[in-house]
Amino acid sequence: MKKSIFAPGVVKLFGEHAVVYGKPAIAAAIDKGVYIDCVSSDKLVVETVGITTGLRFFPLDRRVEAFGAEKFFAYVETALRLAQERWGDLAAKFTIRSDLPPSAGAATSAAVSVGILKAYALCAGADVGDEEVAKLGHKVELEVQGIASPMDTAAVTYGGVLKILTNPFRVEPLKIQLPPFYIVLLPRLGTTGEIVKDVRALLGKRKSATWVIEAIGKVVEEAEGCLRAGDLECLGELMDINNWLLGALGVVDGRVVDLLGMLKPFIYGGKISGAGRGGVVILIPKEGDVVSRILKGLGYPYYKVSVYPKGAGEV
Ligand code: MEV
């Protein structure tokens with residue numbers, strides 16, 4: 001029998017990068033993410049639908065090879081290995097579909113990792129708690145990326161809007177409502193691992209940069225109050241401040257500054273979400289229709305999203 005899991009993507013409303021250095025952050029699961037189906041089969045096989053790959057054809061061998069999605073499959077492979085170690089062998093076919101392109105910066109890697117683990121456990125008839133799935137999902141990200149905080153995998157696992165606290169790592173659900181907002185996907189210049197390493201190098205070299213991390217921590221604390229009060233004006237202003245602070249860390253480029261500048265009259269505010277250098281930009285719209293029309297004209301992929309109140313689970 002077919003079992004299906006939806007694992008939400010995640011945006012960082014506040015605090016990325018600083019969270020790596022012990023500051024709090026606020027993350028939200030969104031209603032766009034990854035779907036994973038699992039049916040029993042005679043052997044373990046993974047099929048993807050709509051995940052962009054190039055194909056290389058070797059006519060003499062009558063063989064086709066996919067390329068360009070190696071990173072994506074590294075998460076799939078690692079999650080399957082950890083699942084197999086934990087829940088034993090499983091002969092099943094997994095089908096993966098994603099609303100969002102992989103490596104866009106909307107935590108699709110965390111969604112794939114957590115989603116595969118959940119689907120595997122479900123199909124193997126095993127019971128698994130959220131805490132264990134979040135931990136295993138983080139292990140997948142660490143193995144593949146070499147560096148990653150547990151934020152994304154926790155947000156995929158628990159859903160909703162979460163305050164992320166570190167030392168020790170824990171999550172606190174913020175029971176708040178947010179109106180739908182936009183995410184724009186800009187081509188990324190660098191992987192999360194590379195960008196996180198660059199920020200670390202800057203902090204090692206320039207002591208003043210550590211004050212930027214401190215300031216981001218303060219923004220997160222203030223933003224929690226704005227979110228709880230449902231104050232979109234305040235939310236937007238603090239997103240702008242957070243974005244400039246991330247710019248000081250070298251992860252916000254001119255494309256983002258131009259985009260936010262152009263949309264300024266029609267949004268409360270916005271910022272990059274995640275590691276930066278392109279990737280996801282969040283926009284909190286004042287006039288959604290205008291924002292949508294401008295984004296369409298610019299030609300970047302964009303999505304209107306809502307907070308997804310639940311974590312990865314059966315659908
Ligand atoms: C990446 O989504 C968010 C960063 O803070 C890195 C991390 O927390 O692992 C940039």
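Let's start at the ligand: one of its oxygen atoms has a backbone N or O atom of His-17 just 2.9 Å away. Keep in mind that this is a predicted model. Two side chains also reach oxygen atoms of the ligand, through a polar atom of Lys-12 and an N or O atom of Ser-149. Here are the distances side by side:

| Residue | Part of the residue | Distance to a ligand oxygen atom |
|---|---|---|
| His-17 | backbone N or O atom | 2.9 Å |
| Lys-12 | polar side-chain atom | 3.0 Å |
| Ser-149 | side-chain N or O atom | 2.6 Å |

How much of the ligand does the protein cover? On its own, the ligand has 300 Å² of accessible area, and the protein covers 93% of that. The ligand takes up the space of the largest pocket.

Now for the neighbours. Besides the residues in the table, those around the ligand include Glu-16, Val-19, Val-20, Ala-148, Met-151, Asp-152, Val-196, Gly-274 and Ala-275. If you sort the whole shell by residue type, you get 6 nonpolar, 3 polar and 3 charged residues.

Next, step back and look at the whole protein. It splits into domain 1 (3–176 + 309–314) and domain 2 (181–305). Taken over C-alpha atoms, the centres of domain 1 and domain 2 are 23 Å apart. Where they touch, domain 1 puts 31 residues into the contact and domain 2 puts in 41 residues.

Which domains supply the shell around the ligand? Domain 1 and domain 2 each give at least three residues to the shell.

How values were computed:
Residues are numbered from 1 along each chain as its sequence is written. This is a predicted model: local features need pLDDT of at least 70, side-chain atom pairs count only at pLDDT 80 or more; totals for chains, interfaces and linings use all residues. Side-chain values use heavy atoms; hydrogens and water are left out. A residue is near a molecule or strand if one of its heavy atoms lies within 4 Å of it. A polar contact is a pair of N or O atoms within 3.5 Å; within protein, one must be able to donate a hydrogen and the other to accept it, and residues adjacent in sequence count only if both atoms are side-chain atoms. Accessible areas come from the Shrake-Rupley method with a 1.4 Å probe; for residues, only the protein chains shown count as cover. On a 1 Å grid over the protein atoms alone, a cavity is a set of points where a 1.4 Å probe fits but cannot get out, and a pocket is an open set with protein on both sides within 12 Å along at least five of seven lines; lining residues have an atom within 4 Å of a point. A molecule sits in a cavity or pocket if more than half of its atoms lie within 2 Å of its grid points. Ala, Val, Leu, Ile, Met, Phe, Trp, Tyr, Cys and Pro count as nonpolar, Asp, Glu, Lys and Arg as charged, and the others, Gly among them, as polar. Domain bounds come from an automatic or database domain assignment. Contact means heavy atoms within 4.5 Å.
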